[in-house]
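Dear colleague,

I am passing on the structure we spoke about, placed just below together with its sequence. Please have it open while you read, since the notes after it refer to residues by number.

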Amino acid sequence: MNHDEAKNRVDELVDQINSHRRAYYEGNTVLISDAEYDALIVELERLELKFPELITGDSPTQTVGGQANQTFAPVTHLERMMSLDNVFSKEELAAWIAKTPAKRYLVELKIDGLAINLRYVNGQLVSAATRGDGVVGEDVTANVKTIKSIPQRLLGDNHPEVVEIRGEIYFPVKEFQELNARLIDEGKAPFANPRNSASGSLRQKDSKVTASRPLQMLVHGIGAWNQGEVQNQSDLYGVLKGWGLPTSSRVRVLETTEEVVGYIDDFEKQRHSLEHEIDGVVIKVDDLNEQRELGFTSRAPRWAIAYKYAPEQVNTKLLDIRVSVGRTGRATPYAVVEPVKVAGSIIEFATLHNQDVVKAKGVLIGDTIVIRKAGDVIPEILGPVVDLRDGSERAFVMPTQCPDCGETLRAMSEGDIDLRCPNSQGCPAQLRERIAFIGSRGVLDIEALGEVTAIELCKGILRDDAELFALTQEQLMTADYFKKKDGTPAEVTGKLLKNLEDAKTRPLWRILVALNIRHVGPVASRSLATNFGSLEAIFSASKPDLEAIDGVGTIIAESLIDWFKVEWHRNIVMRWNECGVQTATPGFQGPEASSGIFSGKSIVVTGTLVEMTREQAEESIIALGGKASSSVSKNTSFVVAGPGAGSKLAKAEQLGIEVIDEAEFLNRTK
């Protein structure tokens, strides 16, 4: 790129970035994702590094934030509110630490909210202002005074004559979902994400509206103030906490790069179980004298850096909303989106759960939407970017008939918001989804029976679930699908038949789950198998006997009884029995006969295990007399936690419950 090309591109980038800044800081909206914005900044920085003569005073790399909105009176900060430089990899972080050596580093979560500056005079709150351009912000004092966690008078005495407190105002994630649902019910535009909702809530002309929103704040620094004898940033936080200001319990002081990276990795796993959105971690030099020696650039402190997590939120186009029918007949709207890469994979579809969720999210077909994918979680639509609508968008209308069999969709019980296809035996969509479910890892774990194979089997070879274990090689060889797969047709079909034969001796609880009975999942199935020992005993039991089983209750008991009343359901059990499926636990002597080292213990497995799957660990617990529980409570004996353990691990630590790793668990099972 020559000088003239670089100048043209720099001008384009400056215009684009400033436009997005105005939308973000002044318009309470996000027109592009954080990742796309960061990419524009990085491109501009690289061009300016190569062509330094193109740097101007108003470049986004030299300035902070946006301008103060004229709706609110301007407030000049006593000390400039800086921004933070970013790093996006462990290598970049290590390079920053290498050039910023310190005795200790303070690390804290980077809350995705709205920066605020509180000014106290002799301990009394006199003004609250947004960041603005870093020099002048917007006066939102009246609205900030409605936030209960922000003291209007500091606790204690001997306060500085003047002090500026910096922090982040955020909108709790749970309450964000509830707010959007209310806005849509009132015919108003929803917010795209919690950060926008915090900004919009704080910039209300009527402070009563702000008071109705559950805004929170966490302190992360100071502006103007002679700190006196305070030596460290961490000590400063202690002072602020003593004054009654809200500080984070997740702040840590660490000494090594390895410890800092460990903190970053830990919270990346937990980021979606927190009460507020985060997009990274902030690392600061803890010693205030070292901070002063390092100083500032034109827009950011040299003694602090933000480590940004890989983007899990992006903007894309909602091309259509379609409906799929699942194994229990539930009709589920799903979004077809313009393919976009997020969290390391290309996303083309996202779930929308039901027609009420579509309404609650306020999305229209044709919208630019904010979409999130965390790890292996199904992609989720957070909301629309309303400011980008051009009038061509249209509302989704839930169909009245099943798209696969034409049956009229209806709610199956009073109060059920989900619409279902009642044609459970004849609907081709339900059959193929049930067959795929049977083959899945969490059910019978039939390696050769994946989703594609299930679709092919249901094109004419299988008429219902009862025929699955009666399949023959002759039947399979009639399908072109098996002739086109790698290997000879005999090898391909032989593998499927061998896998089906092996699946016949799976534990009883898995066989029960494979029957696709609504509400009957692994937890209830394990309890039923442990207490009754056979399908015959389960389906012969009375409602009170079923309800008495731990993890069952009225809804599951009624579902079991109603399912077995249907003739074609009973035929599945009969045919599977005839084909050699093991529908009883060998040598079963009753629940009182179960014994083992885990007898009487309730154990939770969470996170990712290396030597075994979680399902295998839970089966081992049951085989040794214990109960494999899905939730942590005061009755939990201990938790087995692998990498990626989130809220369950946090709750166990909160309750003081023993936590062990996989190696210790394996040691105890010997």
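What follows goes from the whole chain to its cysteines, then to a pair of helices, and finally to some single residues.

Before anything else, please keep in mind that this is a predicted model, and that every value below was computed from it.

**The chain as a whole**

The protein chain contains 25 helices and 20 strands, and its C-alpha trace spans about 85 × 60 × 50 Å along the principal axes. Of the 670 residues in the protein chain, 50% are buried, while the accessible surface of the chain amounts to about 31,200 Å², with 49% of that area belonging to carbon and sulfur atoms. If one takes the contacts between residues at least 6 apart in sequence, 68% of them join residues that are at least 24 apart.

**The cysteines**

As a biochemist you may ask first how many disulfides there are in the whole structure. A search of the whole structure finds zero disulfides. A disulfide is a covalent bond between the sulfur atoms of two cysteines, and the cut-off used here requires the two sulfur atoms to lie within 2.5 Å. The closest cysteine sulfur to that of Cys 402 belongs to Cys 405, and because the two are 3.7 Å apart, they are too far from each other for a bond. Cys 421 is likewise in no disulfide, its nearest cysteine sulfur being that of Cys 405, at 3.5 Å. As for their surroundings, Cys 402 is buried, with a relative accessible area of 5%, and Cys 421 also counts as buried, at 3% relative accessibility.

**The loop between β16 and α12**

Two further residues can be placed in the loop between β16 and α12. Gly 406 lies in this loop, which runs between β16 (380-384) and α12 (428-439), and Gly 406 counts as partly exposed, at 35% relative accessibility. Its C-alpha atom is 9.3 Å from that of Asn 423, a residue 17 positions away in sequence. Asp 387 is in the loop between β16 and α12 as well, but Asp 387 is exposed, with a relative accessible area of 52%. Between the C-alpha atoms of Asp 387 and Thr 368, which are 19 residues apart along the chain, the separation is 9.2 Å.

**A pair of crossing helices**

How do the axes of helix α21 and helix α22 cross, and within what distance do they come? Helix α21 (residues 553-565) and helix α22 (residues 567-578) have axes that come within 5 Å and cross at roughly 90°, which means that α21 is roughly perpendicular to α22. On the side of α21 the contact is made by Trp 563, Phe 564 and Lys 565, and on the side of α22 by Glu 567, His 569, Arg 570, Ile 572 and Val 573. Sorted by class, the contact of α21 with α22 consists of four nonpolar, one polar and three charged residues.

**Two asparagines with positive phi**

Asn 122 has a phi near 50°, which is a positive value in a residue other than glycine. Asn 122 sits in the loop between β4 (114-121) and β5 (124-130), where it is partly exposed, with a relative accessible area of 45%. Asn 158, although not a glycine, also has a positive phi, of about 55°. The loop that holds Asn 158 runs between α4 (141-144) and β7 (162-170), and Asn 158 counts as exposed, at 74% relative accessibility.

**Two residues in helices**

Val 239 is found in helix α8 (residues 233-242) and counts as partly exposed, at 26% relative accessibility. Leaving aside residues up to four places away in sequence, Val 239 touches Trp 225 and Val 230. Arg 182, in turn, has its place in helix α5 (residues 173-185), where it counts as partly exposed, at 40% relative accessibility. The C-alpha atoms of Arg 182 and Ser 83, residues that are 99 positions apart along the chain, are separated by 34 Å.

With best regards

Definitions and conventions
Residues numbered from 1 in each chain as written. Predicted model: local features only at pLDDT ≥ 70, side-chain atom pairs only at ≥ 80, totals over all residues. Heavy atoms only, no water. Buried < 20%, exposed > 50% of the residue type's maximum accessible area, 1.4 Å probe, protein only. Axes fitted to C-alpha atoms, helices over the stretch in contact; angles between N-to-C directions. Helix = DSSP H or I, 4+ residues; strand = E, 2+ residues; numbered from the N terminus. Parallel < 35°, antiparallel > 145°, perpendicular 65-115°, else oblique. Contact = heavy atoms within 4.5 Å. Nonpolar A, V, L, I, M, F, W, Y, C, P; charged D, E, K, R; others polar. Areas by Shrake-Rupley, 256 points an atom, 1.4 Å probe, with all protein chains shown as cover.
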